[in-house]
Each structure stands twice: as structure tokens, then as C-alpha cells.
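Please walk me through this protein model, beginning with its overall make-up and then moving from its helices to its interior and to some individual residues.

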Amino acid sequence: MTTALITGSTAGIGAAFARRLAADGHNLVLVARDTRRLREQATELHDRHSIEAEVLTADLATDDGIEAVVKRLADRRNAVDLLINNAGFGNKGAYLDVPMADELMMLKVHCEAVLRLTSAATEAMRERGRGGVVNVASVAAFLPRGTYGASKAWVVQFTQGAAKDLAGTGVRLMALCPGFVRTEFHERAGMGTDNIPSWMWLDADKLVTAALADLARGKSVSIPDPRYKALMGVAKVVPRGLLGGVSSRTGRKYGPQ
């Protein structure tokens, strides 16, 4: 049986990955900050699917938390075959309204942790000649919209570059770029969602199914929904200056309230 490590596993997209991978027979390493929720999740998945679910409590906004996960990924005796870098969060407020400490914490989780965890995982995977990494980004990566979008743009560019460098090694890397997904993400950030049109919402379980299919196809970037594929296609041909204005207005309309 193969083993998958999932960060931010107790809610949202991370929990959907955990459910799907457990159902497919993968053992799991579940990573999040809340030990109680991790243990409950591990017990449920073990009892339902007869897989082994290991709990690793770690805060990826801290050096100690990142190092704990790096150490687990580097363990050659208990190899991790699939890494899902899903942990992340959003800050409520426009640029300069968000405290600098919160901005730096976001960059640590979205960028530094992704870099260090991906590097630890792929080094071990390259030695074995197989493995996969999914780095959860966002369609915000393709829009000029604040620190969150900028951090996710870094995730996409980093993942694509690393995928090219590791081509032919048996290691696959993919950036997953969803739109609005019904999770705890917005609630935790204090963001209102009542003004987001119903057609823009994605289902986390369907999202994961599409993402794993794209990873199997060898894609380095996945936008797992036709609606968002169409929107991002339009974004590519719109002048950046105009796109910036539209993105800003849309963010005020559909973003944090």
C-alpha cells in the first residue's frame, strides 16, 4: 500500500483528499494544527476504509512545524509516495490594511513551507524513481489581486519549474488551481460569502476527483472545472491593466466583507 501525506487535512480540500485517498486504499499521514480533530479524522478513516492513518500535529507557520513535516517526508523507511501541500489561509482586508505579521505568516505557509516540504518529498521520491506532489494553489494566481494571489502565483510558477527539472525521474508535480470551494476557508478568515453567486462554488470531492485525474495524465497545472477554465482563458487575453481593475472590483464584490 502507498502512503500519502496531506497538510491541512482536517477540513475542506484537504479532508476531501483524505477521504478519496483512503477510499482508494492509501495509508495516510494527516497533518494539521488541531490534534483532537486529527485523531478523530484518523480514527474515522481507519474504521471506514481499513487503512493506517498516522497523525502529525504541526503548525506550518512555524519553523518547528515545517521541520517536523520535513523530517517525516525524509524518512526512507516509511516512504511517502504522494504529498498534498494543501495547508493555507486568507487574510481579510486590502493591501496595507492587513498587519505585516499576518502577511509574512501567509508567505511562510504558502511559499516557504511548500518549498521545503516539496524539496524533502521529491528528493526521496527521485531516489525511488516514483512519487507525486500536488501543491494547492488557486485561480487567484492568474489575477493581480493582493498578497494571496501573489503567493499562489509563486506556487504555480515554482511547481511548473520543478516539474520540468524532474521530468523523466518518475516524479510528478502539479499545481492545483481551484476557484471558490465550499470549505471552512472563508469562515476562518472572517470573509462573507453570501454575495458569491451559486454558480461559482465548487464541490470539494468532485474537485479532488478531477485533480487526481489530471495528476495521472501528467499535467503540471490543473484548473479542475470547465467554468473556471473558461474564465481563466478570458483572463489570458485581457490586458493586464484592465484585468487589474476588474479583479479589484470583483474582489470588493465577491471577496472579504
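Two residues are said to be in contact when heavy atoms of the one lie within 4.5 Å of heavy atoms of the other. With that in hand, Ile84 is a useful place to enter this predicted model, for once its neighbours within four places in sequence are left aside, Ile84 is in contact with Leu5, Ile6, Thr7, Phe17, Leu21, Val134 and Val136. Ile84 is also one of the residues with the most contacts inside the largest nonpolar core, a set of 40 residues in which Phe17, Leu21 and Leu28 share that description. Apart from this core lies another, of 25 residues, which includes Leu56, Met125, Ala163 and Leu166.

These cores belong to a protein whose secondary structure comes to nine helices and nine strands. Of its 257 residues, 48% count as buried, and the surface that the protein exposes amounts to about 12,600 Å², with carbon and sulfur atoms supplying 53% of that area. Where contacts link residues at least 6 apart in sequence, 70% of them join residues at least 24 apart.

Helix H1, which covers residues 12-23, contains Phe17 and Leu21 among its buried residues. H1 reaches 17 Å from its first C-alpha to its last, close to the 16 Å expected for its 12 residues at 1.5 Å a residue. The helix is mostly covered, in that nine of its 12 residues are buried; besides the two already named, these are Gly12, Ile13, Gly14, Ala15, Ala16, Ala18 and Ala22. Following H1 comes Gly25, with a positive phi near 95°.

Helix H3, made up of residues 63-73, can be read by the sides it presents. Its buried residues are Gly65, Ile66, Val69, Val70, Arg72 and Leu73. They lie on the same side of H3, because they cover an arc of only 160° around the axis. The general geometry behind such a pattern is that an α-helix has 3.6 residues a turn, so residues three or four places apart point the same way. The face of H3 turned away from the buried side carries Asp64 and Lys71, both of which are exposed. As for what covers the buried residues of H3, the list includes strand S1 (3-7), strand S2 (27-32), strand S3 (53-57) and strand S4 (82-85), together with helix H4 (100-128).

Helix H5, residues 146-165, offers two residues to set side by side, and Ser151 is one of them. Ser151 has a relative accessibility of 1% and therefore counts as buried, the limit for that class being under 20%. A polar atom of the Ser151 side chain lies 2.7 Å from the backbone oxygen of Tyr148. Not counting residues up to four places away in sequence, Ser151 touches Met106, Leu107, His110 and Cys111. Gln160 also lies in helix H5, but with a relative accessible area of 27% it is partly exposed. Beyond its neighbours within four places in sequence, Gln160 is in contact with Ser220 and Val221. The C-alpha atoms of Gln160 and Ser220 are 5.8 Å apart in space, although the two residues are 60 apart in sequence.

The loops also hold residues worth examining. Is Pro178, in the loop between strand S6 (171-176) and strand S7 (180-181), buried or exposed? Pro178 is buried, since its relative accessible area is 4%. If neighbours within four places in sequence are left aside, Pro178 is in contact with Ile13, Ala137, Ser138, Val139, Leu207 and Pro224, and of these Ile13 is itself among the buried residues of H1. Between the C-alpha atoms of Pro178 and Ala204, which are 26 residues apart along the chain, the separation is 9.4 Å.

Two further loop residues have a positive phi without being glycine. Ser50, in the loop between helix H2 (35-49) and S3, has a phi near 55°, and at 59% relative accessibility Ser50 counts as exposed. Leu96, in the loop between S4 and H4, has a phi of about 75° and is likewise exposed, with a relative accessible area of 68%.

Technical notes. Residues numbered from 1 in each chain as written. Predicted model: local features only at pLDDT ≥ 70, side-chain atom pairs only at ≥ 80, totals over all residues. Heavy atoms only, no water. Helix = DSSP H or I, 4+ residues; strand = E, 2+ residues; numbered from the N terminus. Buried < 20%, exposed > 50% of the residue type's maximum accessible area, 1.4 Å probe, protein only. Areas by Shrake-Rupley, 256 points an atom, 1.4 Å probe, with all protein chains shown as cover. Expected span 1.5 Å × (residues − 1). Arc of directions from axis to C-beta. Core = buried A, V, L, I, M, F, W, Y, C linked by side-chain atoms within 4.5 Å. Polar contact = N/O pair within 3.5 Å; in protein donor to acceptor, adjacent residues only side chain to side chain.
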